[in-house]
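Let's take a friendly walk through one small part of a protein model. Keep the picture open beside you as you read, and find each residue as it comes up.

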Amino acid sequence: MSTETKITLRDNGPLVVANPPTLRDSDGNEIETKPVTALCRCGKSAGKPFCDGAHKSAGFESSPDPRGIRNDPLTYEGEVGGTPVKVHYTPVLCSHAGACAEAASTVFRPGEKPWIQPSEGDMAGLLRAMAACPSGALRIETGETGPQHLTAAEVEISIEKNGPYRVRNVPLDCTFNGIGASRAKYVLCRCGQSKNKPFCDGTHHDIGWRDDA
């Protein structure tokens, strides 16, 4: 039996995690798992985060809907401490977690235009924001580097309150859609409504989806 940890997708069904890494709830508590664990992605299971077969009665469809997906990256330029900086943002990858604004509120300003203003922060804050982004939607480019993600070494799956699965360093048997997507950190849909399945595109935020739905 293989001991490889990986996530595979069941058509119109759950995410199947073989040899699961640490699985944490939204409070950071570890959740006990089985050697092969099925995680709900239709948003209807009564036993979240685990699948209970509700996808069948719900008529869940796992195919993505490419219509209206914003997959063109946007680039925001500035200068920090004399260093030219570009922040690249791919909208379809964003889960609207708000971690970037928490890490660097003077740079990331949802509701303003432009909503990313690199020159209004310092390099430490920008790097914190890049590291905090759970989805890989943000990349940073300086005069010394090309566009890059900042990723951690942990191997885990965590659950965002009323939001997606946050995955770190777990192989996913799937084509990665989203320009600049990271295989080291990404977010997977739990509400069942993303147009970019299996990835989260922030729809849960727009429709007000909740864990107890």
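His88 stands opposite Arg139 in strand E7. On E5, Thr75 has His88 of E6 as its bridge partner. Please keep in mind that this is a predicted model. The points below start with the strands around His88 and then turn to two glutamates.

**The sheet**

- Three strands form an open sheet in the order E5-E6-E7, and their pairing is antiparallel.
- E5 and E7 stand at the edges with a single partner strand each, so one side of each has no neighbour in the sheet.
- On average, neighbouring strands of this sheet are turned by 20° against each other, direction ignored.
- Helix H3, residues 123-132, packs on the sheet and touches E5, E6 and E7.
- The direction of H3 makes about 145° with that of E7.

**How the strands pair**

- Seven bridges pair strand E5 (residues 74-80) with strand E6 (residues 83-89) in the antiparallel sense.
- The hairpin of E5 and E6 has two residues between the strands, and Gly81 in this hairpin takes a positive phi near 60°.
- E6 and E7 also run antiparallel, and five bridges join them.
- As a general picture to carry with you, side chains in a regular strand alternate between the two faces of the sheet.

**Glu141, a buried charge**

- Where would you look for Glu141? Try strand E7, which covers residues 138-142.
- Glu141 is buried, yet it has no salt bridge.
- Which side chain of opposite charge is nearest to Glu141? That is Lys86, 4.7 Å away, and a salt bridge has to be within 4 Å, so this pair does not count as one.
- What Glu141 does have is a polar contact of 2.7 Å between its side chain and that of His88.
- Leaving aside residues up to four places away in sequence, Glu141 touches Pro84, Val85, Lys86, His88, Gly146 and Pro147.

**Glu32, out in a loop**

- Glu32 is found in the loop between strand E3 (22-24) and strand E4 (36-39).
- Is Glu32 buried or exposed? Glu32 is exposed, because its relative accessible area is 73%, and exposed means over 50%.
- Glu32 and Thr22 are ten residues apart in sequence, and their C-alpha atoms are 8.5 Å apart in space.
- Put the two glutamates side by side: Glu141 is buried, whereas Glu32 is exposed.

Key:
Residues numbered from 1 in each chain as written. Predicted model: local features only at pLDDT ≥ 70, side-chain atom pairs only at ≥ 80, totals over all residues. Heavy atoms only, no water. Helix = DSSP H or I, 4+ residues; strand = E, 2+ residues; numbered from the N terminus. Buried < 20%, exposed > 50% of the residue type's maximum accessible area, 1.4 Å probe, protein only. Lys, Arg positive; Asp, Glu negative; His and termini not counted. Polar contact = N/O pair within 3.5 Å; in protein donor to acceptor, adjacent residues only side chain to side chain. Contact = heavy atoms within 4.5 Å. Pairing = 2+ DSSP bridges. Axes fitted to C-alpha atoms, helices over the stretch in contact; angles between N-to-C directions.
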